[in-house]
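Ready for a short tour? Open your viewer, keep the selection tool at hand, and follow the stops below.

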Amino acid sequence: MSASQHDDGAEHNARSSRVAAAILIAFAVILAIGTSQIEYAFSSDPLGPRAFPYLLAVLLAFCGLWYFLNPGAASPWPQMAVLRSALVLIAVTAISVGLMDKIGFLTAAFFMSACAAYLFGAAPLMAIAIGAAQAVFWFVLFKYALGTYLPSGSWLFPG
Amino acid sequence: MSLDYLWTGFAVALTPGNLLFALAGCFLGTLIGALPAIGPINGIALMLPIAYTMKLPPESCMILLAAIYYGAEYGGRISSILINVPGDAGAVMTAVDGYPLARQGRGAEALTMSALSSFVGGILAVIGLTFFAPLLGLFAVKFGPAEYVALMVFAFATLASMVGAEPVKTIIGCLIGLLLTTIGLDPTSGAYRFTFDQPEMHDGLEFIIIVIGLFSISEILLMLEHKITGTLKPIPIGKGFPSWSDIKACWWPTIRSSVSGFIIGVLPGTGASVASAVAYTTEKRLLDKGTFGKGDMRGLAAPEAANNAAAGGAFVPMLTLGVPGSGTTAVMLGALLLYNITPGPQLFTEKPEIAGGLIASMYIGNIMLLIMNIPMVRIFVKMLQVPSTWLIPTILLLSILGVYTAYSSVMSVLLMIGIGVFGWALRKLGFDMAPIILGFVLGKVLETNLRNALALSGGEISILFQSTISNMFWAMAVLIVLIPWWLSRRAK
Amino acid sequence: MLGRLAGAVVAACSILLGASPTLAKPDKTECIVGAKPGGGFDLTCRLLGGTLQAANLIDRPMSYTYMEGGVGATAYNHIIGTRPGDPGAIVAVSTGSALLLAQKKFGAHDENAVRWVGALGAEFGSVIVAPDSPHKTLKDLVEGIKANPSEFSVAGGGAVGSQDWMKAALIFRAAGQDPKKMRYIALEGGGPVVTNILGGHVKIGSSDIAEFLPHHKSGKVRVLAVMSSERLTGDAKDIPTAKEQGYDILWTVWRGLYIGPKVSDADYNWWVEIVEKLSKTPEFRKEQESRGLYPFPSFGKTFADHVKADVARFKVLAQEAGLIK
């Protein structure tokens with residue numbers, strides 16, 4: 001990247017670091033509130049279960065403030081194309097995993113590995129082939145060679 | 001103690017059958033360690049029923065299981081170095097310098113160097129086990145809650161070395177790691193902290209979820225970015241053997257880390273992940289002139305020596321006290337009990353073929369692993385040349401399988417993916433993953449033991465300074481902070 | 001599929017013929033371990049799978065699934081939520097799960113949400129001191145606690161409110177002390193309890209007899225009492241019970257099994273019958289013994305009643321100890 005882009009980037013990055021710092025401070029507050037909600041009857045030690053998280057919340061808030069004031073260096077923001085692809089990969093993976101009990105490991109694994117292969121530059125047909133090969137290989141290895149439980153899918157094999 | 005049991009042991013371990021079991025175990029273990037999804041504990045849990053139904057004699061069963069265990073400690077480094085995805089918990093720190101080395105085209109050298117330091121760590125641990133086991137057993141029981149607190153304070157003091165150009169980011173990372181340890185059942189009060197009524201979270205976040213999320217998922221996303229921006233370049237494999245000056249530079253870090261790793265491994269409350277973390281941060285504190293974390297061979301050799309030494313050390317409490325030194329030795333102890341064998345010091349005299357056979361096989365196994373691993377480097381580095389269209393789906397599926405096989409729950413996998421996205425954002429902001437891991441590894445031990453110590457003393461802080469061992473660690477903590485500072489001042 | 005259909009047909013026929021109880025054999029069996037490999041649930045599942053296979057009571061080897069979380073709470077939720085009608089999935093369970101059910105720390109469901117199959121055996125609570133301790137009997141210990149409660153620190157393999165804590169609390173209550181004031185440290189499992197006694201960090205160790213027995217035999221710890229109603233057999237036969245020393249302290253750690261709530265009566269009956277049949281074989285007894293378990297014959301409705309009675313009893317105990325309101 002060129003020098004002028006870099007300068008624009010630096011300011012941009014300081015802003016994203018500040019956003020992160022602000023999120024961190026907000027998180028520290030939420031953490032403190034969450035800590036006050038921890039229910040317990042009694043503890044055998046004088047500190048109890050809340051002391052440690054409270055301490056962490058205070059330290060996080062302080063560090064967040066420090067970070068806000070000295071944002072430092074961060075990598076440039078990813079380009080739109082990157083964000084879009086990353087979003088597709090995360091969404092396809094998360095949805096496949098979320099539906100794994102219903103569509104089965106084999107189908108879920110096929111979707112995510114085909115998607116990953118495609119995003120990393122495989123031609124569509126090749127991506128489908130890679131997805132199928134990966135899914136079958138790991139399914140057979142884990143289900144039959146290692147004997148672990150993997151869902152076969154309640155929609156595909158009801159009952 | 002006479003070493004008669006060891007000669008009996010060698011006679012047992014050198015029979016063709018047992019040599020074959022050791023070889024098979026080393027091979028399987030290396031594979032199990034290299035696969036990010038399954039660690040030594042799963043590998044052993046899978047093999048145990050097979051060994052039992054095959055009606056293997058107890059010594060052969062132990063030799064097989066132990067070989068899987070230390071084989072996995074060798075294997076864990078491979079995926080750490082090549083793809084920045086730790087193969088098991090002990091291999092997290094290996095990635096910190098190993099992966100940059102691989103990216104610089106020194107992957108083959110790094111694999112060879114780490115095999116050598118693994119070997120030194122492994123063999124020194126067996127020597128320690130042979131000569132000092134009963135003594136170390138006595139040492140291990142001296143560690144009560146207060147001593148663990150002092151040890152953890154020392155570990156955190158070595159962490160000062162991780163503070164680089166932007167200390168605030170290191171500290172925030174460490175705090176995030178500490179925070180992750182508070183999730184789950186609070187052992188002292190029995191309260192559930194931050195579990196959101198999900199039973200999967202009652203036992204806390206498993207190390208594997210965090211490591212796989214932070215390392216492999218975020219790595220996939222970073223690689224995707226490089227792919228799109230056109231900066232994903234093929235990595236050269238490089239020459240296979242590290243230079244003599246590299247080996248010489250790694251010599252003392254390897255020896256020091258082996259010793260500290262072994263001792264930390266002996267303690268039932270700490271294992272390979274703490275050992276490699278302490279070894280890495282100590283060496284960085286002592287030696288770093290700005291090259292650690294950017295591909296320094298010494299930063300690779302130290303954690304590898306330590307995690308292999310810790311794996312050996314974990315056998316000390318198991319063999320001398322009959323108390324497991326790690327999760328994996330707990331499963332092995334269960335195996336011994338199945339054979340109606342009670343571990344303990346009497347094992348060395350009453351059943352020398354088992355205690356001796358096991359220890360002898362560890363000498364043999366470490367040599368086998370070294371011989372096996374050096375030629376295998378050439379095969380492993382080929383992983384670097386697998387096209388990303390094949391490699392990425394493999395990493396993705398293994399990451400998901402690794403979590404799913406441990407929990408059989410979709411929610412845990414989603415959580416792991418969420419942590420991965422979070423890790424990606426942090427890495428984009430210039431955060432290191434290592435402080436998060438260190439905070440996580442050390443945090444639980446610190447909090448639990450501090451609170452247990454205070455429960456024992458009824459709130460008196462003085463309990464933390466009452467024993468020689470604790471005071472020794474307090475002194476070491478002060479020294480590790482002061483010495484590098486003093487040295488750098490004198491240099492000026 | 002066909003096998004299950006055939007099973008259903010057979011079951012239907014036997015209902016018509018008035019044969020009782022009706023049985024159906026699942027074509028595939030799987031044991032769910034609600035923890036990491038190596039613990040008590042793993043032991044229960046492997047004992048079941050190994051002996052069923054050896055006795056040829058199942059056709060194919062049983063598979064094992066690990067489902068870590070909350071002393072079996074993850075597995076409990078999984079079976080009720082995801083696979084309530086799976087006839088082949090059986091889940092390991094123990095007193096520890098019942099204790100959490102009683103404290104409402106086991107998720108949304110109560111003890112009536114599954115079908116309890118039967119027990120595979122039991123262990124018993126036990127208490128140890130160092131071999132050089134001046135307290136030679138449980139009575140010595142209780143009297144000592146009475147005189148100076150803060151002197152007696154306790155180590156157990158679980159959090160406040162866990163089984164090990166409860167056992168120690170029962171002893172403190174016998175000494176007329178408030179268990180809340182007990183100096184208790186929570187460790188991970190029974191192994192560290194032993195090392196903390198060996199190292200002299202605590203005075204009392206609380207866990208199970210199987211955990212302590214090998215160390216008692218080698219003279220490294222002294223078992224003061226076992227919390228069973230009668231003397232145990234085998235290696236533990238010389239260890240007095242708490243009851244015979246005059247204290248009504250009982251702690252049975254049963255290890256058992258349950259299946260999903262929507263499993264048919266026929267499949268449920270098959271499991272109950274097969275576990276009962278299995279537990280009477282000498283081979284099973286041998287395997288049970290090698291795992292440190294004692295016989296605990298309780299199957300079907302008897303076992304379900306036992307579990308429910310335990311949950312009710314634990315509710316009272318937890319209330320008395322101030323763990324729940």
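**Stop one: two domains of chain C**

Measure from middle to middle: the centres of domain 1 of chain C and domain 2 of chain C, taken over C-alpha atoms, are 30 Å apart. To select them, use 2-122 + 252-320 of chain C for domain 1 and 124-245 of chain C for domain 2; such bounds come from an automatic or database domain assignment.

A word on the ground rules: this is a predicted model, where local features need pLDDT of at least 70 and side-chain atom pairs count only at pLDDT 80 or more, while totals for chains, interfaces and linings use all residues. Residues are numbered from 1 along each chain as its sequence is written, and chains are lettered from A and ligands numbered from 1 in the order in which they are written.

**Stop two: where the domains touch**

Eleven residues of domain 1 of chain C are in contact with nine residues of domain 2 of chain C (in contact: C-beta atoms, placed from the backbone, within 7 Å). Which element of chain C gives the most to the domain 1 side? Select helix 4 of chain C, which gives three residues. Helices (H or I, at least four residues) and strands (E, at least two) are DSSP runs, numbered from the N terminus.

**Stop three: chain A meets chain B**

Now show chains A and B: their contact takes 60 residues from chain A and 48 residues from chain B. Select helix 3 (80-98) of chain A; with ten residues, helix 3 of chain A gives the most to the side of chain A that touches chain B.

Definitions and conventions
Contact = placed C-beta atoms within 7 Å.
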